[in-house]
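I opened this model to look up a few residues, two helices and one pocket. The entries below follow the order in which I looked.

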Amino acid sequence: MKLSVVILNYNVRYFLELCLESVHQAIKDIDAEIIVVDNNSSDDSCDMVSSKFPEVKLIENKSNPGFSKGNNIGVEKAKGEYICILNPDTMVSEDTFTKLLNFAETKENLGIVGCKLIDGRGQFLPESKRNIPFPIVALKKILGFESSYYSNNLDPEDIGEVEILVGAFMLMKREVYETVRGFDEDYFMYAEDVDLSYKVLKAGFKNYYLGKTSVLHFKGESTFKDLDYARRFYGSMQIFYQKHFKQNWFFDLIVKFGIFLASKFKRPIPKQQAVYKKVVVYTSSTSLNLDAHISMPISYETDLTRKVTNETLVIYDVVSFGIAAVLEHMERNSIYSNVYYRFLSKSTTFILGSDSATDRGEVKML
């Protein structure tokens with residue numbers, strides 16, 4: 001088997017359904033399997049997977065052991081030569097796995113391969129490619145100077161070596177994952193992707209960024225929402241430094257300083273309210289009608305090449321056009337500040353989307 005896609009889920013049933021729909025299309029010409037590990041969700045995620053995607057290998061944990069252990073459990077069951085660690089709040093393009101696998105086959109000492117991630121507004125997510133967060137880099141990020149934190153030597157559409165990739169999407173050979181013993185289970189959440197990327201580099205492999213295919217990550221990069229978050233985040237980074245660098249007073253000072261700043265100046269980011277004056281549904285279906293579910297007039301558009309005007313809610317029927325074409329359309333129109341996007345499920349029972357990189361997103365049942 002060529003590829004195993006491992007998806008760790010926790011209470012994002014509807015995002016998971018769209019994710020699985022996209023992965024199913026992306027692996028149709030690949031000898032591949034999908035493994036969903038559920039960390040004791042309280043919603044009906046597992047029932048949905050069992051009924052709608054019976055071919056998926058479902059692992060139901062009876063507790064929530066965290067991101068690292070959950071993914072390690074999934075990889076233990078994987079049979080593919082390559083594995084892809086994938087977040088459930090993502091949608092992959094039809095060509096994503098093919099392009100990355102073809103690229104991977106050309107490289108020696110291959111470590112992890114990542115790709116271009118965009119948020120629910122079509123904006124590039126800079127955490128798609130990052131540098132090693134040495135203490136001085138971490139301090140600059142705390143102070144708002146992020147130029148050293150992200151790998152800015154590559155443009156979003158470029159291809160090249162990078163140091164740190166994001167855990168929302170990581171593709172690598174299974175033997176590489178096993179060589180470095182996978183995700184470190186000392187991390188419950190946060191920094192485990194930094195740790196894995198760095199372990200792979202230290203083992204003599206090379207990590208790459210491939211900006212020629214896009215993946216939609218609805219939630220985007222987490223932000224410093226509150227003091228508890230700051231403590232968890234910096235606590236994870238402290239684990240990282242203790243494991244890979246000599247313990248020193250300088251980093252301890254950075255951690256304390258970061259938590260102090262978060263407690264004094266960071267505040268919860270209010271959910272962004274979408275403000276729009278019209279709704280456009282992109283679909284090739286003549287039978288699709290959402291008028292009863294939307295509280296303003298809807299126009300139906302069959303030409304995905306046409307630009308979107310400002311103050312518009314766009315609803316995509318991805319079955320009509322394919323995800324790669326839809327994401328390209330989003331990116332072209334991401335210059336508009338008041339354009340918002342929703343995605344229609346294949347079953348047409350719900351639409352969902354996210355209005356910022358810090359917004360987990362919303363689901364509307366139809």
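Entry 1. Is Asn131 buried, partly exposed or exposed? I read 22% relative accessibility for Asn131, so it counts as partly exposed. The classes I use are buried for under 20% relative accessible area, exposed for over 50%, and partly exposed in between, with a 1.4 Å probe and protein chains only. This is a predicted model, in which local features need pLDDT of at least 70 and side-chain atom pairs count only at pLDDT 80 or more, while totals for chains, interfaces and linings use all residues. Residues are numbered from 1 along each chain as its sequence is written, and side-chain values use heavy atoms, with hydrogens and water left out.

I placed Asn131 in the loop between β6 (110-118) and α5 (135-142). Helices (H or I, at least four residues) and strands (E, at least two) are DSSP runs, numbered from the N terminus. Leaving out residues up to four places away in sequence, I listed Ser148, Tyr149, Tyr150, Ser151, Glu163 and Ile164 as touching Asn131; contact means heavy atoms within 4.5 Å. With Tyr150 there is also a link from the side chain of Asn131 to the backbone oxygen, at 3.0 Å. I count a polar contact as a pair of N or O atoms within 3.5 Å; within protein, one must be able to donate a hydrogen and the other to accept it, and residues adjacent in sequence count only if both atoms are side-chain atoms. From Asn131 to Asn152 I have 21 residues in sequence and 8.9 Å in space, C-alpha to C-alpha.

Entry 2. I then took the totals. The protein has 11 helices and 15 strands. Of its 366 residues, 54% are buried. Among contacts with a separation of 6 or more, 75% are between residues 24 or more positions apart.

Entry 3. Next was Asn39, which sits in strand β2 (residues 32-39). Its relative accessibility is 2%, so Asn39 counts as buried. Which residue's side chain shares a polar contact with that of Asn39? I found Asn64, at 3.0 Å. Beyond four places in sequence, the residues that touch Asn39 include Leu8, Asn9, Tyr10, Asn61 and Gly70. Gly66 touches Asn39 too, and the C-alpha atoms of these two are separated by 7.5 Å, with their positions 27 residues apart along the chain.

Entry 4. Ser354 is in the loop between β14 (350-353) and β15 (362-365). At a relative accessible area of 1%, Ser354 is buried. Its side chain reaches the backbone oxygen of Phe218 at 2.9 Å. Other residues touching Ser354, again outside four places in sequence, include Gly120, Arg121, Tyr341, Arg342 and Asp359.

Entry 5. I checked two residues for backbone angles. Asn109 is not a glycine, yet has a positive phi of about 55 degrees. It lies in the loop between α4 and β6 and is partly exposed at 47% relative accessibility. Arg181, also not a glycine, has a positive phi of about 65 degrees. Arg181 lies in the loop between α6 (174-179) and α7 (192-202) and is exposed, at 73%.

Entry 6. Where do the buried residues of two helices point? In α4 (residues 96-104), I have Thr96, Phe97, Leu100, Leu101, Phe103 and Ala104 as buried. They cover an arc of only 160 degrees around the axis, which puts them on the same side of α4. The arc is taken over the directions from the helix axis to the C-beta atoms. In α11 (residues 323-332), the buried residues are Ile323, Val326, Leu327, His329 and Met330. These fall within an arc of 155 degrees seen down the axis, so they line one face of α11. An α-helix has 3.6 residues a turn, so residues three or four places apart point the same way.

Entry 7. Last came the second largest pocket, with a volume of about 350 Å³. A pocket here is an open set of points on a 1 Å grid over the protein atoms alone, where a 1.4 Å probe fits, with protein on both sides within 12 Å along at least five of seven lines; lining residues have an atom within 4 Å of a point. The volume is the space filled by probe spheres set on the points, which are joined across faces, edges and corners.

How many residues line the second largest pocket? I have 17, with Glu21, Ser22, Gln25, Val319 and Lys346 nearest its centre. The largest share of the lining, 6 residues, comes from α1. Both α1 (13-26) and α10 (318-321) supply at least two residues each.
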